[in-house]
Structure formats: C-alpha cells, structure tokens
Amino acid sequence: MKTPYYLYDIELLKKTLSFAQNSAGKYNFNIHYAIKANHNPAITKLISQQGFGVDCVSGNEISEALKVGFKAKKIVFAGAGKSDEEIKKALQQNILCLNCESIEELEIVEEIAISLNKKAQIAIRVNPDIKAHTHHYITTGTEENKFGIHTSQLKSALDFVKNSDYLKFVGLHFHIGSQITNMDTFINLCKRVNTIWKDFNISDYNPILLNMGGGLGVDYEDAKNNTIPPFDEFFSVFAEYLKVPSNISIHFELGRSLVAQCGKLITKVLYTKKGVNKTFVITDAGMTELMRPALYQARHYIENTTSSRNPQRYDIVGPVCESSDVFGKNVLLPETRRNDLIAIHSCGAYAESMMLRYNMRQKIKSYIKNITNELLLSDNYENNKNQEYSCKELKTKETML
Ligand code: LLP
C-alpha cells in the first residue's frame with residue numbers, strides 16, 4: 001500500500017464516542033463535534049449518525065456537516081472572521097446559532113438578517129481572560145487573543161442583541177483553548193462563567209443555552225494504552241461547578257478528545273542517515289501530513305511496527321524543506337532500516353484536516369480499519385468527487401498496524 005497514509009480505527013472511534021455520550025448524558029449535556037479536528041467523511045458520518053451536533057468555523061464546514069448528515073438545528077458557528085457569504089449561508093440554513101465574537105460582527109449579522117428577513121440566533125462568545133496552561137498557539141481565552149468579546153464590551157453587545165428585531169439572544173459561548181489536561185483550568189473557567197452570568201444578569205436576556213467550548217486534552221505520550229480521554233472527570237467538573245439556572249441547556253464543542261486517538265499516520269522509512277552526533281530516520285511523511293510538531297513543538301508517540309531489533313536513538317524527520325520538519329528528537333526505536341513502517345499515533349485530530357501542499361506534496365489517502373482488521377480506503381475529500389461517503393475498495397489485511 002502506498003505510504004504515507006492515515007489509518008483510522010473505527011471501533012476505537014465508536015468506543016470513544018459512546019464513552020463521551022454516556023458521560024455527558026448523565027447530566028443532559030450536549031456535545032457538538034468540532035469538525036475542524038477532522039472532516040474525513042468516514043469519521044464525520046459516524047459522529048453525525050451517533051446523534052452529535054457539530055461546531056463549524058467556516059461556511060465550507062457548514063456545507064460539509066450538512067452533507068454528512070448533521071442536523072442544521074445542531075450546528076453552531078464560531079470564528080472571529082466570518083465572511084458575509086458565510087453568515088448568509090448560516091442564516092439560510094437555520095442553524096442553532098452563530099457564536100458572535102465582536103460588536104462589529106453583530107452589526108453585520110443584523111444587516112444580513114434584515115436583508116434576508118430572518119431573525120438570527122446569537123450566542124455571544126465571551127473572552128473570559130482565563131489561562132489555559134497549554135501551548136500559547138492553542139490558547140484562545142486570554143486578553144491577548146483575537147477570540148471573543150471582552151467583558152468590558154459585553155453589556156453593549158448584550159444590549160445590541162436585545163434591542164434588535166433581527167437578532168435573538170440564545171446564550172453565552174466560551175472556549176479557552178485546546179489540549180487542556182489539568183481539570184483545575186476547567187474549574188476556574190466554571191467559576192468565571194458563574195461570575196459573568198451573575199454580574200451581567202444574563203438570565204434577564206432570556207438565554208436558553210450555555211456553550212462551554214472544547215479543549216479536553218488527550219494523552220500523546222502513552223497514546224497506545226491511554227486511548228479514551230477522561231470524559232467522566234471532565235463533565236463532572238461542569239456538573240459540579242457551573243451554577244446557572246437548571247433550564248439552561250449546557251453545550252460542549254469537543255474535537256481532539258473525540259477523534260485524536262483513533263488515527264495514526266503510517267509512513268515508510270526512506271533512509272537512516274548517519275549524522276555527526278546522531279542518526280536520522282527520514283520518513284516519507286513530513287510536516288505536510290502532520291504539522292503539529294512543527295507548529296506547536298508537539299510530540300506524538302512513534303512506533304516502528306516492522307522491527308524488533310535492538311533499540312537505538314534517532315531523530316525522526318520528514319522530507320520537507322524546512323528544519324522544523326521533525327517528528328521527534330532522540331527517540332528510542334528498535335534499530336530502524338529503509339522500508340520499515342513507522343506509525344505515528346494520535347493523528348485522528350488536527351493531522352489530516354491540516355494537511356498542506358507545501359513542496360507540491362501529494363494529498364495522501366486515508367484508510368479505515370474495521371472490526372476484522374480489514375483496511376478500507378476511505379473517501380477523503382480528494383477522492384469523493386462522486387459524493388459517496390461509504391467505505392469502498394477492500395484493500396488488504398495489515399494486522400500489524
Ligand atoms: N470550539 C472552538 C471555538 C475552537 O476554536 C476549538 C478549537 C474547539 C471548540 C475544539 O477544541 P478541542 O476540543 O479540539 O481542543 N490545531 C491545534 C488545535 C487548534 C484548536 C482550535 N480550536 C492542534 O493541533 O493542537
């Protein structure tokens with residue numbers, strides 16, 4: 001099979017989804033899948049079939065979500081820079097709400113709602129100024145970030161919506177960052193939300209929902225053994241610490257925690273190259289297929305699935321013309337040789353969806369591993385010209401992966 005490719009374990013995805021749903025279900029919480037994490041139809045179709053809502057950040061994501069079966073009434077739409085066309089699309093599709101991020105945006109949404117003679121459902125995204133204690137590129141809820149409305153402007157925003165005949169306030173939205181593993185951060189967020197709710201008399205604006213965003217982290221180090229994120233712990237924090245009226249429906253937008261661990265990037269070793277002080281393993285996948293290490297210094301668990309020879313230390317790098325094209329430094333692997341297969345774990349989230357064409361790299365294929373370990377070619381977007389989303393083309397058995 002041509003490498004590199006993404007490989008998704010559908011049974012693990014199903015298991016993860018049902019864990020998440022059961023944990024959230026205990027408190028009647030609603031989960032919207034953050035489709036930016038992975039929009040491969042083999043994955044999104046399954047998530048929509050399980051009854052999840054969806055969180056979109058572009059007009060194309062809204063179209064794609066509808067195409068794979070998510071209900072319009074379960075779509076939330078965030079983003080600091082929604083274009084007029086995207087706002088129009090959201091209103092025409094009657095989605096659950098636009099998570100609006102500035103007063104300037106509210107003005108444009110109102111203008112477009114007037115032109116369509118529609119009432120736009122609005123959640124206001126508040127920037128709570130909370131530290132997410134994660135990489136600064138995936139922190140979104142502090143004053144320095146472009147996201148959300150600062151509390152100093154919140155009252156004006158609330159009143160703007162209240163006084164408009166074409167806007168309907170549905171609630172507040174928060175999202176403070178991603179890959180958050182310390183539950184204290186979410187406890188702090190809950191406390192801050194309670195204060196904001198009280199200080200701004202949110203109940204007086206007739207809200208129906210509170211959206212707490214996503215951000216639950218996964219275990220990148222022990223990805224092989226720790227496949228299910230701590231959903232119970234996560235949701236119980238919000239059940240315990242959020243103090244908003246009981247008629248308010250609580251929503252979450254989870255991306256990474258639902259899909260990261262079900263995916264791997266499979267790549268072949270092109271060369272093991274002797275350097276002066278180290279040995280490089282040069283793979284046929286690069287930052288173009290997984291840019292998280294280059295962008296956030298992220299480290300994924302890397303495994304040589306071919307070799308059981310004696311362990312050695314390697315720098316594992318891709319073929320792309322960038323020095324940041326490094327998957328791991330000083331990684332212990334069994335002695336690695338040309339043509340060995342390498343599995344990079346936790347690539348179900350923010351890998352395929354962030355694929356790049358830099359160096360004119362080819363878009364790679366993705367395969368789905370089903371219950372009998374058969375690998376099926378998945379129709380990712382390049383292959384789905386005929387709009388068919390089912391798995392097709394039984395390929396081969398590769399039980400090693
Ligand atoms: N809601 C909003 C408004 C978001 O901006 C995000 C992620 C999510 C929900 C989902 O967050 P999650 O549950 O996946 O943490 N490319 C980066 C992550 C960027 C996250 C952007 N926003 C990475 O690979 O780590």
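**Group meeting talk: a ligand and the residues around it**

Hi everyone, let's begin right at the ligand: one of its oxygen atoms lies 2.9 Å from a backbone N or O atom of Gly255. That is what I'll call a polar contact, a pair of N or O atoms within 3.5 Å; within protein, one must be able to donate a hydrogen and the other to accept it, and residues adjacent in sequence count only if both atoms are side-chain atoms. Before going on, please keep in mind that this is a predicted model, in which local features need pLDDT of at least 70, side-chain atom pairs count only at pLDDT 80 or more, and totals for chains, interfaces and linings use all residues. Residues are numbered from 1 along each chain as its sequence is written, and side-chain values use heavy atoms, with hydrogens and water left out.

Back to the ligand. Gly215 also takes part, with a polar backbone atom 2.9 Å from a ligand oxygen. Asp55 uses its side chain instead: a polar atom there lies 3.3 Å from a nitrogen of the ligand. How much of the ligand's accessible area does the protein cover? On its own the ligand has 580 Å² of accessible area, and the protein covers 92% of that. Those areas come from the Shrake-Rupley method with a 1.4 Å probe, and for residues only the protein chains shown count as cover.

Which elements give two or more residues to the shell around the ligand? They are β10, residues 249-254, and α10, residues 292-296. Helices (H or I, at least four residues) and strands (E, at least two) are DSSP runs, numbered from the N terminus. In total 18 residues surround the ligand, and the closest are Ser178, Glu253, Arg292, Tyr296 and Tyr350. To be counted as near, a residue needs a heavy atom within 4 Å of the molecule or strand in question. The shell divides into six nonpolar, six polar and six charged residues. Here Ala, Val, Leu, Ile, Met, Phe, Trp, Tyr, Cys and Pro count as nonpolar, Asp, Glu, Lys and Arg as charged, and the others, Gly among them, as polar.

Next, Arg256, which sits in helix α9. Is Arg256 buried or exposed? Arg256 is buried, with a relative accessible area of 3%. Buried means under 20% relative accessible area, exposed over 50%, and partly exposed in between, using a 1.4 Å probe and protein chains only. The side chain of Arg256 makes a polar contact of 3.5 Å with the side chain of Gln179.

A little further along is Gln261, in the loop between α9 (256-259) and β11 (263-274). Gln261 is buried too, at 12%. Its side chain reaches the backbone oxygen of Asp219 at 2.9 Å, and a polar atom of that side chain lies 3.2 Å from the backbone oxygen of Asn226. Leaving out residues up to four places away in sequence, Gln261 touches Leu12, Val218, Asp219, Ala223, Asn226, Thr227 and Ser346. Contact here means heavy atoms within 4.5 Å.

Now please look at Asp315, in strand β14, residues 311-317. Asp315 is buried, with 5% relative accessible area, and its side chain has a polar contact of 2.6 Å with the side chain of Lys278. Among the residues that Asp315 touches are Phe280, Val281, Gly328 and Asn330.

Asn330 deserves a stop of its own. It lies in strand β15, residues 326-334, and is partly exposed at 49%. Its phi is near 55°, a positive value in a residue other than glycine. Asn206 also has a positive phi, about 55°, but that residue is in the loop between α7 (183-199) and β9 (209-211) and is exposed at 57%.

One more backbone detail: a cis peptide bond joins Thr3 and Pro4, with omega about -10°. Pro4 belongs to the segment before β1 (5-9).

Last topic, cysteines. How many disulfides does the structure hold? Zero, where a disulfide is a pair of cysteine sulfur atoms within 2.5 Å. Why does Cys56 form no such bond? Because the closest cysteine sulfur, in Cys97, is 11 Å away, too far for a bond. Cys56 is buried at 0% relative accessible area, whereas Cys321 is exposed at 58%.

Thanks for listening!
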